[in-house]
Amino acid sequence: MTGVPASAAGGSSGARRAGPRGTSGPAAEPGECPSAGTAPGLTGSGRGAGTGTGEAGRGEAGRGGTEPGTVQRGVAPGGATEGGAAGRGGKIAAAAVNQASVWNVANLLTMLRLLLVPAFVALMLGNGGYDPAWRSFAWAAFAVAMITDLFDGHLARTYNLVTDFGKIADPIADKAIMGAALICLSALGDLPWWVTAVILGRELGITVLRFVVIRYGVIPASRGGKLKTLTQGVAVGMYVLALTGPLATLRFWVMAAAVVLTVVTGLDYVKQAIVLRRRGIAERRAALKETDG
């Protein structure tokens, strides 16, 4: 049902239009929802039979200016506006994208590292564990794992591919390949067990420490930690290869540097965790005092 056209802008204020019961009603007044043909900025009262909505009334439900059972533009069923529905729809769509993004390039590289762990162990221990050819293949698997470790995190952060699976699987893959290499080297007698114990103990200890203080904040990766990871990778890689002569002497010093960095950076992380915990406790106490007082 359409409304009777109102008078042109600037026309007589006595212009009238048909009411819903066949009676005439007053012209639109300021502040009411405009019907079709009213001047912009006026809102019609809904006492007429007009079905149009003006720009000023968009997004608000009329008080009778529409046919029964219809919904005005900008108003979703239940009173929700298009913007609100779009906001909820956007969050749902974003959640769906995050769930679907588990099979992204970064996570595939992480899974490849996990699969390389048993392959590395088999190659490392193949033919008695001292065959230079088998050790070379084992080094290739270890090198691929270390390289993918550099790329998967960068890809995840750069292209917004961070997922819950990646957050959990990435550190597991890192420590699995490094732990497998250290244990194999110590089992074969190429590396003292105390070196393996220091490196693995530090890695596992810092991981547990991060989870303990996560309620107060996140301990960021430091430059020393990144240098430690690089030095460990180079040192372990050199021990995996069957090196002799000056290169064998060089790998000893590289491993010594890796052990020193492992201990120093581990102590630094412990210090950061203590500071972070104290700061978090102080902030909570201050917040409680403000709430009580």
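This is a short exchange about helix packing and two loop residues in a predicted model.

Colleague: What are the ground rules for this model?
Modeller: The model is predicted: local features need pLDDT of at least 70, side-chain atom pairs count only at pLDDT 80 or more, and totals for chains, interfaces and linings use all residues. Residues are numbered from 1 along each chain as its sequence is written, and side-chain values use heavy atoms, with hydrogens and water left out.

Colleague: Which elements does the chain have, and in what order do they run?
Modeller: Seven helices and two strands. From the N terminus the order is β-β-α-α-α-α-α-α-α. Helices (H or I, at least four residues) and strands (E, at least two) are DSSP runs, numbered from the N terminus.

Colleague: Why are α6 and α7 called roughly antiparallel?
Modeller: The axes of α6 (residues 223-240) and α7 (residues 246-292) cross at roughly 150° and come within 8 Å. Angles run from 0 to 180 degrees between N-to-C directions, with axes fitted to C-alpha atoms, for helices over the stretch in contact. Under 35 degrees counts as roughly parallel, over 145 as roughly antiparallel, 65 to 115 as roughly perpendicular and the rest as oblique. So α6 and α7 are roughly antiparallel.

Colleague: What residue classes make up the contact of α6 with α7?
Modeller: Residues of α6 including Leu227, Val234 and Met238 meet residues of α7, among them Leu250, Phe252 and Leu261. The contact residues divide into 15 nonpolar, six polar and two charged. Contact means heavy atoms within 4.5 Å. Ala, Val, Leu, Ile, Met, Phe, Trp, Tyr, Cys and Pro count as nonpolar, Asp, Glu, Lys and Arg as charged, and the others, Gly among them, as polar.

Colleague: What makes α4 and α6 oblique?
Modeller: α4 (residues 164-187) and α6 pack at an angle of about 40°, with axes 10 Å apart. That angle falls in none of the named ranges, so α4 and α6 are oblique. Met178, Ala181, Leu182 and Leu185 of α4 make the contact with Gln232, Gly233, Val236, Tyr239 and Val240 of α6. That gives seven nonpolar, two polar and no charged residues.

Colleague: How do you know whether asparagine 127 is buried or exposed?
Modeller: Buried means under 20% relative accessible area, exposed over 50%, partly exposed in between (1.4 Å probe, protein chains only). Asparagine 127 has 55% relative accessibility, so it counts as exposed. It lies in the loop between α2 (105-124) and α3 (132-158). Its phi is near 55°, a positive value in a residue other than glycine.

Colleague: Why is asparagine 160 called exposed?
Modeller: Its relative accessible area is 66%, so asparagine 160 is exposed. Asparagine 160 sits in the loop between α3 and α4, with phi near 55°.
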